[in-house]
Structures are given as structure tokens and as C-alpha cells.
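Trainee: I would like to look closely at a single part of this model, and I would be glad if you could take me through it slowly.

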Amino acid sequence: MSKALDGLVVLDTTTEFWASLAAAMLGDFGASVIKVEPPGSRSAPDARAWDHLFELANRNKRSLAIDVEQPDGRAAFEKLVAKADVFLTDALPSTLQERSLDYASLSQLKPGLVYARGSAYGPSGPDRDLPGDDALAAARTGIMPVLPQPGQPPVYTEAGQMYTTVMLAFGVMAALRHREKTGEGQQVDASLLGGNMYGGSLDLQAFLAMGGERFLQPVSRLDAGNPMSGVLYQASDGRWVTLTMPDTDRWWPDLAEITGLDVDDERFNSHEKRCEVNRLELLGTLEDAFGKQPSDHWRNELDSRQMSADIIEDYAYPAADSSVVRNRYVIDVKDADDGSHRMLGFPIYMSDTPAELSNRAPAIGEHSAEILRGLLGYSADEVAELEAVGAIA
Amino acid sequence: MTNALDGIRVIDLTVWFQGPVAAQHLADFGAEVIKIERPQGGDLARGVRSIKAVPVGDWNQYFLVINRNKKSMAVDLKEERGREILHKLVKESDVFLSNLSPKNLAAWDLSYEQLHDINPRLVYAMTTGYGPHGEITKPSFDMTVQALTGLMARQGEPGQPPIYLGMGSGDAIGGLMAAFGILLALHNRDATGFGQYIDASLYGAQLFLGAPSLQGYLAGDESLARQRSRTDASNPLRNTYQAGDGWLMFAMDNVDENWTKLAGTLDDGALSADARFASAEQRETNNEAVIAAIDAALAKRTVDEWMSDWEPLGLAIRPIANLQDLADDPQAWENDYFVDAYCEEVQRDVKVRGLPIGLSKTPGSVRTLGPELGQHTEEILTETLGYTWDQVVELKEQGAIL
């Protein structure tokens, strides 16, 4: 079956999980992703080892172990760049410059190259050259203190980097589209700061527009802005019910009925009363009501009325959910010994060119000879010579 | 100036956040995005009056920012003539994007099969709640889907309520996925001549959002499903800590070099000599003791005082900012992660969430904030679809448009 990115050649020099995963997403949809690695930069493959995060971030790639500091290695690498559509990196600007892997050097070899960098803090500003870390970027966004209940420690979710992953892949596709029309390449940047900020975008935007102390501190769940939306109530078995019904006029009659309230209750019979005048009273009333029955009861009631609500689950739920398998959000992968492993699958469904797992993460240098011969036209002797001088491995 | 997505026309039949923000990414890079809204009030997000019980004030940033750079057409899809307009627009478009229920879309003659027949080049993109092969049919929102993923249950201190990853956190990743998927499908369309059906669901996108821990759970580490106290962090050097007047984020590897540098600054170096913490392995085994010792030491001084000790040492530690700190952060502004934009409604510049994806030669831009309901209905009918003014008047009289 054909794939969306058939024929696209991506050189991936990333080392961070979130940046490598962006290249893997391009590989999932058919791009020929070559993981360009310095020989010896990771240990020799052990067929039995299964490094699950590495496997996820490097699936659908081939590995070329090449020393670009050596003249022969550099020459082969330059030929490779000339064949490439996309170059991906997460290295610091100073390192890229030192190794002549900066945009100016590489775009000379391949006009039209899309040069994408996953950075810590973006291509401009005082901290553009700093190394980064998802946790430090998260700490900078102002979101960590507002996530928990009042009085609790700030929360680091690890999720910010994932926005950066998809932003980087999206940026590459947008730049490719421009290149198709004009032949012009360019630089793409997606940063951990930008990703973490984007994940918190509604809080950020609300603060920018409205300001005020309330956005700087956690808001108690029993002080939520809308008692029927974005709230948590505890059921009698200790589990949590969440509701998202921003349009309270539509859902109030159903909610009142299942919680045993009078739909015409004078305190709550308009959106304004529910969300403004008697907001805190409704929060308290619903908290009491939900506390009277266990979560299974609530799930039945809420589902039978097709209400936008659910019970908080842990990872055991998606791990056991058959729709997750049918949608290929989780897939099974075989290792070299035919052992089976569960791996996150493909969040994007495409009817005609679906994502596929073509190969698991490569061992270092696993495809060096194949790439040099197949893509660059080197002879077997030339490959052997490069191996002999240590230019490739 | 040229834009990366010049020449792409997108029909944006979406409401609330995930769908609109997907189209916003395309609009930021120059696609012509036409938001289709019902004449009776349009997108419900136009009605947002408060956030966290704070009144939105004189401009509804919730709606105006995610619908920026778009045109609005008010069309009644319950009317035969309204559906006709949409079918004509489909012929002239590259992308159809919706987050309405597939049942509604079919009832309005807007199923994939129908639109594909009208324009085989069309990319038909859905942002459903639970995926194309899901069974759940109830309305889906960010947090009710996040509830099922397991992401919330593992956050925060043991015994505390689950924690939502932030307002719009799930919609935001779903919107990005959809935007990326649309560009994949357009790339393929240019090669083959055919559009296709794509879906980036809230469920799939949010499971992906959990990758750093969910992948480990799938690989067998069940502890990753549960809340874990900061007082029990496996690497004490990667953790939150409270100084005298605020919180700090430590993001260091548990290696001797980092420990030696850090310990040298705490309690006059007393911890450096503590044999329980001498090796990486011991610090992991005795993690609770290490954390308690650091906690006790840090409480004695302020964040600024500690940072002035640590900065020369190059330790990966930052104060945990609040939103005011971010609003004042030059890094956010100089990268256009925040920008100023003119708001027609209030006739002044306002501060908005900017452009998180940087393209050096064809950067995104914020040209206009969200349109008025039906602001471009007549323009699109006459200029894009070739309706005469008489026909426009007639459509209005019939109630097919606003």
C-alpha cells in the first residue's frame, strides 16, 4: 500500500526522545528516515534488550553510523545531504556550527533543504543558545502552580514535550509545502518552551487578556467557574466523576434528574444562577449528591443519557480497551526473538495511506552499507574502505 | 509576502476548541479558512462569558484567538439551499474539517462519501472524540476524554484528586494532530490526485500526550499509573522543591558531579559528607532521605538567594514561574510565542497566544482576530462561488444564510 510520505528522505540526527519521535512520526507515514549517528555513540545492539522509549522514538528508521569529522565520512555525508529533503536536529547552535551542520553549510549542499530544529527556548531571544529540558521549560510557563488543588506542590506533567513533537512534524510539512511550490527551503523551529506554552494555552490566554490573582493560583475544585463543566466530584466509592457540559441549559434537566434535584429549583433554574449567582451553592449541592452513590451507578446514569461526562480511569483502562487496539492507538510489536511488546501506535487515521510499522528501531549502523550502496551508489569495495578507515560502522 | 499554505482553501465546520484550533494552525500559515456557522448564534464558543468565574470583559478571547485569520459564513445546513451552498464550496476547496457528530454530518449530506463524490481531491478531516472505530457515541470534550486515558489519575500527590493537565490541554494536542494529518493528506493528494478521510481523535491524541509514562506502563511498569509523591521521587535531583518563598524545578541527572556541586551549597557542605548519599545508587535507594535533607536545607533561604549560588555552577534548576512571570518573559515575546494583535471589537491592540511553530522564510502571522458571525458570507458567495446579488438576496429571504 502506498504511504503519504513515500519518497521523502529525512536525515535524523536527534537524540532527545521528543525530537526523535517527530522523525518517527514522519517515518510512520512512509518517509525514508535515516538516523545519522556517530559510530560508538550508543552501545552495540543486544537483541534481547527492549528499551521501550527508544523503540517508540526510533521505529521506522534506518541507522547510518558515520563519522562526519573524518574527511571520507564527511564526503559521504555531504552526498547524503544532497539527496535529502529534510534535516532534523536537536543539537545546540554552537555544536552545529562547530561540526559544519548549521543551516548555512547544509543548504549549500542541497538548496531547498528543510532544516528543522527542536530547540529548548526557540530561535530568538536571550536564551536561544541554552540547552533545555522539558521540566525546565514547563517550569517557565507558569502552568505548574495552577494545576493542583490549593496548597499542593506544583505539578510537572511531562506532557509539554509532546506538543513540541507534533509541532516539529507539522512545521516540516508546512515548509515542504512551500518548497513544492517555490523550490525554496527554510529553517523550522519548535521549542520545548513553545510546546509547553501551547499545552497551557487557555490559561495563558485568559491571563494575558484578563489578568488577576485568580489565574496565578490553583482554583479549588469546589470553586470551579462552571459547576457543570471541567469539574470533579467524588463518588461514594472514592472514585471521581467529571462533567463537561458548558451549555448548561441543554443538560441541566438531565443532570438535575439523575442527582435527585428539582429541575425547577429556584436557586438553579437558569444558566446565570447556576454559573454566577449560586455557583458555589450548586458546586456544594452536586458534591453531596455525587457522594451518595458509587461510580458505577453514575457511569450508568450518565451514559444512558449520553451525557458528556465520565469516571476518572487509570492507565489500566486504555490498556484493556479494545477500541484502542481497533483504532491502532496501541499496537503489538515483535522483537528479534519473536517476543511481543505493546507500543503506542498511531494517533492519526488515514483511510488510503495509513501509518504502518515497517521496522522496529535499528541497531546502530544496521543499515550503513545498505544506505551508502542503495541511496548513494557506493560500490561494495568503497563501503569496505570506509569501514576500514573508521568513517562508517 | 508568501505564506507556506497559500492557495489552500479549508472549510472549517467546527465548534469549541479542538477543531477550531486545528484550522487556526492552517490559517496562521496562510490557508484561506472559511468557518461555517449556524445563523442562530454561530459557534457556541462565541457565548463564553467567563473563564474560571472571571468575566471575559470586553473581548471574548476564548473565541477570537482560536478563530483568528479566518472568514465566517453563516449558513443554515438544515435548509436544502444551505446545503447546496456548502456543496458548491466543497468543489472549490482543498480541505473539509469538522468535529460535529458523523450522524449530523450525514443528515446534512456532508458525509465523506458524498463530499468525495463531489470533489475527489478533497481532504476530509474529522476530529472525533474516540476514533473512527470507537463505540462511544456521547458528546466528547477534552476533559471527559482525558478522564479515560489515565493521564489525570497519575498526577499529583497520593490521595489528592486527579489533575487535569490544563484547560484545553487535550484539545490542543488533538488540534495539532489534525493539522499535521491534513498536511500529510494534502502532500499525498498532490502526488496522487486524490484526497482521503482522516481522523485525529481526542482519545488517540491524548494517549499520545501520555507517551513518556504510558509507554512505560504498556511495557510493564504498573507503578506509572499511580500518583507518586514528590517526597518519593526516584531521582531526588529531578523533582520539585520549595525554598523559603517559592518553588524550584530540579532537572538534573542523578550523577555524582551534580550531587557534589549541589550538596556543596547546602548546609555548609554537610550533605557532601553524608555517606548515605555518596553514590547515584545510594541516592536512589535512600531517595526519601535525600529529598528530606534537601527540603530542610532549601527552606532556609529564598529562591533568588539559591539561584545566585547555583547559576555559576551551571546546575539545571529553575524557579517555577507563575503566569505573570511568563507574561513578562522576553523569551516568549521575542520568539512570537506571544504577539500583539489588533482587536476590531475593542478597537485596540490586545495580547494573544502567538506562533509556536517557527518557519524562517514563511513565518505564520496573526492578521485578524476571529470574524463576526457571517462577516464574509456575501463575499464568498459572490466572489468564490459566483452567486449573483439577486440570488444572495433570495437565499437570505429563504433563511439559508444570515
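The exchange below follows one helix and its surroundings.

Trainee: Could you describe helix α7 of chain B, and tell me which helices of chain B it packs against and what it contributes to the side of chain B that touches chain A?

Mentor: Please keep in mind from the start that this is a predicted model. Helix α7 of chain B covers residues 169–192, and a good place to begin is the boundary between the two chains, where 119 residues of chain B are in contact with 116 residues of chain A. Of the side of chain B that touches chain A, the largest share comes from α7(B), which supplies 14 residues. Taken as a whole, that side of chain B is made up of 68 nonpolar, 34 polar and 17 charged residues.

Turning now to the neighbours within chain B, we can take helix α1 of chain B, residues 18–28, whose axis lies 8 Å from that of α7(B), the two packing at an angle of about 45 degrees. Angles of 65 to 115 degrees count as roughly perpendicular, those under 35 as roughly parallel and those over 145 as roughly antiparallel, and α1(B) and α7(B) are therefore oblique to each other. Their crossing is right-handed. On the α1(B) side the contact is formed by Q18(B), V21(B), A22(B), H25(B) and L26(B), while the residues they meet in α7(B) include D171(B), A172(B), L176(B), A179(B) and I182(B). Eight of the residues in this contact are nonpolar, four are polar and one is charged.

The other neighbour to consider is helix α8 of chain B, residues 202–209, whose axis comes within 8 Å of that of α7(B) and crosses it at roughly 105 degrees. With that angle, α7(B) and α8(B) are therefore roughly perpendicular to each other. Here G170(B), I173(B), G174(B) and M177(B) in α7(B) meet L202(B), A205(B), Q206(B), F208(B) and L209(B) in α8(B), and this contact divides into six nonpolar and three polar residues, with no charged ones. It is worth pausing at G174(B), since this residue of α7(B) is listed in the contact with α1(B) and also appears in the contact with α8(B).

To finish, let us return to the two chains, where strand β6 of chain A, residues 186–191, pairs with strand β14 of chain B, residues 357–359, in the antiparallel sense over three bridges. Within that pairing, A190(A) stands opposite I357(B) in β14(B).

Technical notes. Residues are numbered from 1 along each chain as its sequence is written. Chains are lettered from A and ligands numbered from 1 in the order in which they are written. This is a predicted model: local features need pLDDT of at least 70, side-chain atom pairs count only at pLDDT 80 or more; totals for chains, interfaces and linings use all residues. Two residues are in contact if their C-beta atoms, placed from the backbone, lie within 7 Å. Helices (H or I, at least four residues) and strands (E, at least two) are DSSP runs, numbered from the N terminus. Ala, Val, Leu, Ile, Met, Phe, Trp, Tyr, Cys and Pro count as nonpolar, Asp, Glu, Lys and Arg as charged, and the others, Gly among them, as polar. Two strands pair if DSSP finds at least two bridges between them. Axes are lines fitted to C-alpha atoms, for helices over the stretch in contact, and angles run from 0 to 180 degrees between N-to-C directions. A crossing is left-handed if the near helix is turned anticlockwise from the far one by less than a right angle, and right-handed if clockwise.
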